[in-house]
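I open this entry with two topics in mind, the overall fold and the surroundings of the ligand. I take the fold first and the ligand afterwards.

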Amino acid sequence: MRGLELRSAYTWSKGDLEWVRQIKNTDFVQKFSEGNNLRSEEQQQEWYKRITESNNEKWFIIYDSSSVIGACCLDVNWVFRNAEFTIYLRENEVGKGFGSLALKELLSYGFNQVNLHKIWGKVFDYNKGAIALYEKLGFVKEADLKDHVFKDGKYRSVYIYSKFKE
Ligand SMILES: CC(C)(COP(=O)(O)OP(=O)(O)OC[C@H]1O[C@@H](n2cnc3c(N)ncnc32)[C@H](O)[C@@H]1OP(=O)(O)O)[C@@H](O)C(=O)NCCC(=O)NCCS
């Protein structure tokens, strides 16, 4: 196992930002994302401006010893002390334990540094990899939203998985 660290959006280079765009635009990540929008370089710059000016969206790249392998985020609700999380990896890095390591780091940041009470995420019912990851880390299925999203020509059900501060 290589080393892994989360690097805050405030420290990203132009190259890091481009890696995030390319990973986000892959068919693999798009298949499991609510939107179907491929981002241009210009849209990526606008997105970066928005997230670095936002007080809510805490984005990180998932960096191993030599490269960017993915990205993750906590979208914080400061009033309710909860956050929605997002995580995605490069397809060729999946299944090696990086998702577990990165999500554990993100949870530790959210519960111990941001002092959140609850961290939750949405996942399509067909996303077996993400569901296995969340259940392994102690997330509990709180909701099953039937036919919640219209994607790739079909209505798709969405689960909400949550974890509370211990
Ligand atoms: C979800 C995701 C982050 C998981 O990352 P990962 O690095 O593959 O996760 P891990 O290797 O740490 O695996 C976690 C557990 O899930 C299991 N798992 C992974 N993929 C699986 C699959 N397709 N089916 C069943 N179990 C699976 C692993 O076996 C592991 O359990 P174990 O430690 O008991 O063996 C990654 O698949 C991904 O980026 N997917 C695309 C984007 C996405 O779906 N994001 C989440 C929704 S926002």
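I began with the secondary structure of this predicted model, and I found five helices and seven strands in the protein. Reading from the N terminus on, I noted the order of the elements as β-α-α-α-β-β-β-α-β-α-β-β.

I then turned to the overall dimensions. The C-alpha atoms fill a box of roughly 40 × 40 × 35 Å along the principal axes. I compared the radius of gyration of the protein, 15 Å, with the value near 15 Å that a compact globule of 166 residues would have, and the two agree.

For burial, I looked up the share of the 166 residues that count as buried, which is 23%. For contacts, I considered those between residues at least 6 apart in sequence, and I recorded that 57% of them join residues at least 24 apart.

Next I went to the ligand and asked which residues are the closest to it. The shell around the ligand holds 22 residues, and the closest are Phe32, Gly99, Ser100, Gly129 and Ala132. I also listed the elements that give two or more residues to this shell, and they are helix H2 (27-31), strand E4 (82-89), helix H4 (98-113) and helix H5 (128-136). Which element gives the most to the shell? I wrote down H5, with six residues.

Last, I sorted the shell around the ligand by residue character, and I entered twelve nonpolar, seven polar and three charged residues.

Technical notes:
Residues numbered from 1 in each chain as written. Predicted model: local features only at pLDDT ≥ 70, side-chain atom pairs only at ≥ 80, totals over all residues. Helix = DSSP H or I, 4+ residues; strand = E, 2+ residues; numbered from the N terminus. Rg over C-alpha atoms; globule rule 2.2 N^0.38 Å. Buried ≥ 20, exposed ≤ 12 C-beta atoms within 10 Å, placed from the backbone. Contact = placed C-beta atoms within 7 Å. Near = placed C-beta within 6 Å. Nonpolar A, V, L, I, M, F, W, Y, C, P; charged D, E, K, R; others polar.
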